Amino acid sequence: MTTKPRILTGDTPTGRLHLGHWVGSLENRVALQNDYDCFFLIANMHAFTTRADKPDEIRESTLEIVKDWLACGIDPDRSTFVLQTEIPAIAELSWYLAMLLPFNRVMRNPTLKHELETKNLGDNYSFGFPMYTVGQCADILIFRPELVPVGEDQLAHIEPCREVARRFNQLYCGVDPQINDADYVQAGGVFPIPAGKVGRVARLIGTDGKNKMSKSLNNAIFLTDSFKQIKKKMGGLYTGRTAMDEPGDINNALFDYVRAFIRDPERVAELERKYAAGDNIGDGHIKVEVAEAIDQLLEPMRKRRAPYEGKDGDEKILNLLRHHTQQANDAAEETLYLAKKAMKLDFGPRKIVLE
Ligand code: ATP
Ligand code: MG
């Protein structure tokens with residue numbers, strides 16, 4: 001058992017990973033995996049909240065996301081991969097936490113409201129859809145992490161998790177409500193109060209220039225896109241500027257990409273200066289330059305991903321997930337038992353063994 005502080009974060013298998021994931025969360029995960037005991041979750045149960053009719057797609061995306069993680073440089077020997085559906089303690093803890101979260105508080109969550117709008121779910125969303133926000137509290141708390149690296153859109157989901165952790169600790173572990181968040185575990189609480197950690201770019205805009213880049217909004221540049229696809233998608237980014245000598249707005253979506261992906265600060269400053277002045281610089285040129293910078297970022301990822309392509313690759317991923325599921329269950333069962341003990345439900349710890 002390692003004594004390093006823990007990280008929990010993850011992705012929903014509703015498609016492949018994109019540049020928003022990289023700048024918002026993946027980059028942090030890769031950087032922090034030395035100093036933290038990392039748990040990375042595939043929220044495959046939550047993928048069913050909007051895609052219950054697409055089990056094949058969810059399975060395929062699950063494998064693709066693990067491949068994307070490996071491509072990014074996440075190291076399976078240092079980090080634990082968590083397949084949500086295979087960790088029963090998560091579903092159990094979700095129930096107990098649901099009892100401590102006011103219904104109206106869940107429904108007022110701004111990210112949930114926003115998702116209902118942007119994903120066109122209207123009034124017909126499933127009962128399970130808002131439940132995912134409760135499930136997410138359990139995903140996190142079952143691993144008792146201190147840090148949760150996420151994009152800005154998910155910060156609002158971490159807040160109920162922090163609230164429910166405080167409430168649980170106060171109610172069942174006798175922790176004084178007046179103490180600081182950092183002291184809950186020392187004071188006898190089961191759960192730390194986890195903090196969100198937003199990445200270098202809190203919210204990367206999509207190639208529609210409007211919404212957050214999302215797997216499900218058709219506005220993403222995927223980590224697996226070819227240079228040709230990247231160039232085409234960048235080319236479609238609308239700026240409204242029409243001539244090379246027209247002063248441009250350096251706060252537009254194109255310049256968000258310039259700052260996110262061109263890594264030479266002097267070049268970024270030069271582009272900003274020329275663009276703002278309308279100094280003989282076309283949007284098309286900048287878009288190609290950004291596409292090249294993105295391509296450079298993705299090239300080592302393509303190389304790391306290559307051994308996992310195809311059916312053989314799928315087998316390797318399934319084996320890896322199986323091995324990690326055991327590890328993840330060991331950690332999750334330990335927390336669940338501590339939580340149930342605090343709730344006077346200690347009828348014996350249990351061990352989950354895969355056959
Ligand atoms: P979906 O459209 O299905 O919700 P998504 O693209 O939003 O998919 P998620 O799996 O919901 O992806 O998010 C995984 C992680 O990546 C979360 O921490 C989220 O905050 C972060 N993230 C997603 N999109 C962006 C983005 N455009 N910029 C920064 N971070 C992002
Ligand atoms: Mg999302």
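This report describes the ligand site, the pockets and the cavity of a predicted model.

Local features are given where pLDDT is at least 70 and side-chain atom pairs where pLDDT is 80 or more, while totals for chains, interfaces and linings use all residues. Residues are numbered from 1 along each chain as written, chains are lettered from A and ligands numbered from 1 in written order, and side-chain values use heavy atoms, with hydrogens and water left out.

**The ligand site**

Ligand 1 is surrounded by 21 residues, and T14, D153, K212, K215 and S216 are the closest. A residue counts as near when one of its heavy atoms lies within 4 Å. By class, this shell holds 4 nonpolar, 11 polar and 6 charged residues. Here Ala, Val, Leu, Ile, Met, Phe, Trp, Tyr, Cys and Pro are nonpolar, Asp, Glu, Lys and Arg are charged, and the others, Gly among them, are polar.

Three atom pairs between protein and ligand 1 are listed below. A polar contact is a pair of N or O atoms within 3.5 Å; within protein, one must be able to donate a hydrogen and the other to accept it, and residues adjacent in sequence count only if both atoms are side-chain atoms.

| Residue | Protein atom | Atom of ligand 1 | Distance |
|---|---|---|---|
| D153 | polar side-chain atom | oxygen | 2.6 Å |
| L204 | polar backbone atom | nitrogen | 2.9 Å |
| G20 | backbone N or O atom | nitrogen | 3.3 Å |

Taken alone, ligand 1 exposes 600 Å², of which the protein buries 96%. These areas follow the Shrake-Rupley method with a 1.4 Å probe; for residues, only the protein chains shown count as cover.

Two elements, β1 (6-11) and α1 (19-32), each give two or more residues to the shell around ligand 1. The largest share is that of α1, with 3 residues. Helices (H or I, at least four residues) and strands (E, at least two) are DSSP runs numbered from the N terminus.

**Pockets and cavity**

Rolling a probe the size of a water molecule over the atoms shows where empty space remains. On a 1 Å grid over the protein atoms alone, a cavity is a set of points where a 1.4 Å probe fits but cannot get out; a pocket is an open set with protein on both sides within 12 Å along at least five of seven lines, and lining residues have an atom within 4 Å of a point.

Which space does ligand 1 take? Ligand 1 occupies the largest pocket, where sitting in a pocket means that more than half of the atoms lie within 2 Å of its grid points. The volume of this pocket is about 1100 Å³. Its lining has 50 residues, with T12, E115, D153, Q154 and K212 closest to the centre. By class, that lining has 16 nonpolar, 23 polar and 11 charged residues.

The second largest pocket has a volume of about 490 Å³. It is lined by 22 residues, and A98, M131, Y132, V134 and G135 lie nearest its centre. The element that gives the most to this lining is α7, with 7 residues. The lining divides into 15 nonpolar, 6 polar and 1 charged.

The whole structure has 1 cavity of 30 Å³ or more. The largest cavity holds about 40 Å³ of space and is lined by R105, V106, N109, T133 and P160. Volumes are the space filled by probe spheres set on grid points, which are joined across faces, edges and corners.

**A loop contact**

D75 lies in the loop between α3 (55-72) and β3 (80-83). The side chains of D75 and R78 are joined by a polar contact of 2.9 Å.
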